[in-house]
Amino acid sequence: SADPDYTVGLKGKRISDGQFFITNMERGRWSPGRVATTVKNTATQDGRVCNIRMAQDPGQAGKQQAAFYMTYLAGWPLNIVPVAGSGDKEARARPAAAQAEFGFINIVRGDWNEEFFNEVCSFPASRHDDITDALSDLIDELSNHSTFSYDNVM
């Protein structure tokens, strides 16, 4: 389309007092090959101590993509999580919104901040919701499902 979705990756952590820090964002409209290269380059820059979580789309294509990244990112702590089949995007965003409302989400200053705030502050009316989806997944992972230690980054 004339206005396709973005691929978005957020880097963040939760520290022992419960505060979340969003430390970086990668965002672009890339071919599948460029997405893979960006993921690998980002993982390399972050180092093997940085845990990686990826959402797996339903169906055979999602399984193939998961298998590709398991091989492509061998040696990194990788958690591929199947996308939940229930709950709309607004419902999935509510826990992150609550954390933000109570001041528990901190954003590190960076050249990506304007894009980040423009989208998440206008959700659900924003033209795109890819950053909001990534934020919802990050907060969910660090709050509820993570086997990663609190002070490890993601």
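Biologist: Which helix is Asn-113 found in?
Modeller: Asn-113 is found in helix α4, and I should say at once that we are looking at a predicted model.

Biologist: Is Asn-113 buried or exposed?
Modeller: Asn-113 has a relative accessible area of 13%, and because buried means under 20%, Asn-113 counts as buried.

Biologist: And which residues does Asn-113 touch, leaving out those up to four places away in sequence?
Modeller: With those set aside, Asn-113 touches Ile-107 and Val-108.

Biologist: Where does helix α4 lie?
Modeller: Helix α4, which covers residues 113-122, lies across β1, β2 and β5, and runs at about 95° to β2.

Biologist: In what order do the strands of that sheet come?
Modeller: The order is β1-β2-β5, in an open sheet of three strands with mixed pairing. The edge strands are β1 (7-14) and β5 (105-107), each of which pairs on one side only, and the twist from one strand to the next averages 35°.

Biologist: How do β1 and β2 pair?
Modeller: Strands of a sheet pair through backbone hydrogen bonds, and they can do so in a parallel or an antiparallel way. Here β1 and β2, the latter being residues 20-28, pair in the antiparallel sense over eight bridges. Along that pairing, Leu-10 stands opposite Met-25 in β2, and Lys-11 stands opposite Asn-24 in β2.

Biologist: What about the hairpin, which residue there takes a positive phi?
Modeller: That is Gly-18, with a phi near 95°, in the hairpin of β1 and β2, where five residues come between the strands.

Biologist: Back to β1, which residues are on its covered face and which on its uncovered one?
Modeller: In a regular strand the side chains alternate between the two faces of the sheet. In β1 the covered face has Val-8, Leu-10, Gly-12 and Arg-14, while the uncovered face has Thr-7, Gly-9, Lys-11 and Lys-13.

Biologist: New topic, pockets: what volume does the second largest one have?
Modeller: The second largest pocket has a volume of about 250 Å³. Its lining is made up of 16 residues, and those nearest its centre are Ala-96, Ala-97, Ala-100, Val-120 and Leu-135.

Biologist: Which elements supply that lining?
Modeller: For the second largest pocket, at least two lining residues come from each of α3 (89-101), β5, α4 and α5 (130-145), and α3 gives the largest share, six residues.

Biologist: How many of those lining residues are nonpolar, and how many polar or charged?
Modeller: The lining of the second largest pocket divides into 12 nonpolar residues, two polar and two charged.

Note on methods:
Residues are numbered from 1 along each chain as its sequence is written. This is a predicted model: local features need pLDDT of at least 70, side-chain atom pairs count only at pLDDT 80 or more; totals for chains, interfaces and linings use all residues. Side-chain values use heavy atoms; hydrogens and water are left out. Two strands pair if DSSP finds at least two bridges between them. Helices (H or I, at least four residues) and strands (E, at least two) are DSSP runs, numbered from the N terminus. Axes are lines fitted to C-alpha atoms, for helices over the stretch in contact, and angles run from 0 to 180 degrees between N-to-C directions. Contact means heavy atoms within 4.5 Å. On a 1 Å grid over the protein atoms alone, a cavity is a set of points where a 1.4 Å probe fits but cannot get out, and a pocket is an open set with protein on both sides within 12 Å along at least five of seven lines; lining residues have an atom within 4 Å of a point. Grid points are joined across faces, edges and corners, and a volume is the space filled by probe spheres set on the points. Ala, Val, Leu, Ile, Met, Phe, Trp, Tyr, Cys and Pro count as nonpolar, Asp, Glu, Lys and Arg as charged, and the others, Gly among them, as polar. Buried means under 20% relative accessible area, exposed over 50%, partly exposed in between (1.4 Å probe, protein chains only).
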